[in-house]
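This report describes one protein chain, beginning with a helix and moving on to the overall form, a strand pair, the pockets and the backbone exceptions. The sequence and structure are shown first.

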Amino acid sequence: MPVSSPVITRFAPSPTGMLHIGGGRTALFNWLFARHHKGQFFLRIEDTDRARSTPEAVDAILTGLKWLGLEWDGEVYRQSEHLERHGEIVQSLLNLGLAYRCYCSPEELAQMRETAKAEGKPQKYDGRWRNRDPKDAPAGIAPVIRFKAPQSGETVIRDRVQGDVTIANEQLDDLILMRSDGAPTYMLSVVVDDHDMGITHIIRGDDHLTNAARQSQIYAALEWTPPAFAHIPLIHGSDGAKLSKRHGALAIEAYRDMGYMPDAMRNYLLRLGWSHGDDEIISTEQAIEWFNLESIGKGPARLDLDKLNSISGAYLSREDDSRLSAIIVAIFDKKMGYRLSAELKERLKTAMPEFKQRAKTLNELAENMEFLVLPRPLPVTGKAAKQLNTDAKRMLADLETALATVQTWTQESIEAAIRDFAETKGLKFGKVAQPLRAALTGGAASPGIFDLLTVLGREESLGRIADQAAA
RNA sequence: GCGCCCUUCGUCUAUCGGUUAGGACAUCAGGUUUUCAACCUGGAAAGAGGGGUUCGAUUCCCCUAGGGCGUACCA
């Protein structure tokens, strides 16, 4: 049986949309912190807003987290399944005189805010039902239940990232604990659920910083010990403004679809706001070993696709050839509709070492390797077509003849043959290599031609040369 | 409006009073070269502004500016 662990964290998204990159990072930090302390990491779906929550969004969150490699412990905790418990707590608060019913209409509330704004005061509920006799309750109006918040003094949040944050209680109003339809609000349910789940550390976006003050007051009223708070800065778009759809694809799945590997993604996200000296490429094992709250920066970070690409490229070139070629095969199967033969799959794997170091994403890698598995004759594009002028074609015909005499098809023998060919023809090596590349790839960029010839094999190589020589 | 938070190269960041302010990405130049990339070498590039505290401030304090977040019967 598991011993009670020292650290329990949670990721608590509301299922109202895709899991975006900021949420992914929050989840990563919670996961890392829990793993570092050999504690537990829970997933809680905050679906108390029934109108906005959708099952699709829940799926997207689960899929996104799994893809990122952030496995949670235990069952998914759904807030909506604990409504009864939330209601009980509200009732006990009511019984203790720490909450009360409020019959204000939305219009009344709106006007209150306007007046406050006009007077230069904080916009908040003025507490008019706080001490009013329940007998005054208008008939036929379902009340909300409000928290009787302290009206003077201050609330201090001892934040592990932001430091001590002090907020005057005058700034905070009597928040709603339960809606008029009997559904608990976020502010109440987080506190109850975090307590019930035994959460020890709340790591979340700093958009929740002031909420922490409100929640602290509820913890105090309930005489519960609040967890440690760690509010991490939000991620901004590349222009420094708030992250929005205009800054490009934000759903975590979009990055998957663009061809980033989860490891690279995690590494990038980790470095966005957290650092360990000058280290840049940090394995997950090292991240778990090193991760701490103290090294999280306080300022918001901007999304930088260039950096992501660079990290992605670094991970690609370190990735195992078999794993990589299996992924590429899958991409071909799925996106391009190819059914690759065993021979072609082997060709991809053999070629992988040369290709993986020059691509930034899986998609780019697949694109770069496509010519390897294309059936003859190859389509010839732009620059390559230009290379293949009449002189070049004639040269290729001669070259084919020369190469056909090479019996043992090894890199060394091929190179010797081609260099010899160029020399006897009085051609600069490049004059041979470029048209040859065009014939072999149909394009202008590729790894070295000797690698190409070797990977393609004797028959395929000669065939491709012949195709272009004849045309 | 009120409140809270933030502010080092273009970007991500290191620095925990004394450094030629370091690294990475991007960028520029050169090298290598059969293309592209990779790779190697080198360059340019920063403490928002103003006051303090101190022998000495990027570092501590205050003000200003800029940015962010909150201020819902959303989470």
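## Helix α17 and its length

The expected span of a helix is 1.5 Å times one less than its number of residues. The model is predicted, and helix α17, residues 429-441, offers a check of that rule. With 13 residues at 1.5 Å a residue, α17 should span 18 Å; because its end C-alpha atoms are 18 Å apart, the expected and the modelled values agree.

Much of the burial in α17 can be listed by residue. Val432 and Ala433 are buried, as are Pro435, Leu436, Arg437, Ala438, Ala439, Leu440 and Thr441. The residue that follows the helix is Gly442, with a positive phi near 80 degrees.

## Overall form of chain A

Chain A contains 19 helices and 12 strands. Of its 471 residues, 48% are buried.

The radius of gyration of chain A is 32 Å, whereas a compact globule of 471 residues would have a value near 23 Å. Along the principal axes, the C-alpha atoms fill a box of roughly 105 × 50 × 40 Å.

## The β6-β7 hairpin

Strand β6 covers residues 154-159, and its side chains alternate between two faces. Thr155, Ile157 and Asp159 point to one face and are buried. Glu154, Val156 and Arg158 point to the other face and are not buried.

The partner of β6 here is strand β7, residues 163-168; the two pair in the antiparallel sense over 6 bridges. A hairpin of 3 residues makes the connection from β6 to β7. Asp159, one of the buried residues of β6, stands opposite Gly163 in β7.

## The largest pocket

The largest pocket has a volume of about 1,400 Å³. It is lined by 41 residues, and those closest to its centre are Ser14, Thr16, His20, Asp207 and His208. Two or more lining residues come from each of β1 (8-11), α1 (21-36), α5 (186-196), β9 (201-205) and β11 (235-236). Among the contributors, α1 gives the most, with 4 residues.

By class, the lining of this pocket holds 15 nonpolar, 15 polar and 11 charged residues.

## The second largest pocket

The second largest pocket encloses about 340 Å³ of space. Its lining consists of 17 residues, of which Arg256, Ile327, Ile331, Leu362 and Asn363 are the closest to the centre. Helices α7 (252-257), α8 (262-271), α11 (321-336) and α13 (362-373) each supply at least two lining residues.

The greatest share of this lining comes from α11, which gives 6 residues. Divided by class, the lining has 8 nonpolar, 2 polar and 7 charged residues.

## Backbone exceptions in loops

Most residues other than glycine have a negative phi, and most peptide bonds are trans. Three sites in chain A merit inspection against that background.

The peptide bond that joins Arg376 and Pro377 is cis, with omega about -10 degrees. Pro377 lies in the loop between α13 and α14 (382-387).

Lys38 has a positive phi, near 55 degrees, although it is not glycine. Its place is the loop between α1 and β2 (40-45). Exposed means over 50% relative accessible area; Lys38 has 73% and is therefore exposed. Glu223, also a residue other than glycine, has a positive phi near 60 degrees. Glu223 belongs to the loop between α6 (209-222) and β10 (228-232), and its relative accessibility of 73% is why it counts as exposed.

## A residue in helix α16

Is Ala416 buried, exposed or partly exposed? Ala416 is found in helix α16, residues 411-425. Partly exposed is the class between under 20% and over 50% relative accessible area, so Ala416, at 46%, is partly exposed.

Ala416 and Ala342 are 74 residues apart along the chain, and their C-alpha atoms are separated by 30 Å.

Technical notes: Residues numbered from 1 in each chain as written. Chains lettered and ligands numbered in written order. Predicted model: local features only at pLDDT ≥ 70, side-chain atom pairs only at ≥ 80, totals over all residues. Heavy atoms only, no water. Buried < 20%, exposed > 50% of the residue type's maximum accessible area, 1.4 Å probe, protein only. Pairing = 2+ DSSP bridges. 1 Å grid on protein atoms, 1.4 Å probe; cavity = no way out; pocket = protein on both sides within 12 Å on 5 of 7 lines; lining within 4 Å. Points joined across faces, edges and corners; volume = space filled by probe spheres on them. Nonpolar A, V, L, I, M, F, W, Y, C, P; charged D, E, K, R; others polar. Rg over C-alpha atoms; globule rule 2.2 N^0.38 Å.
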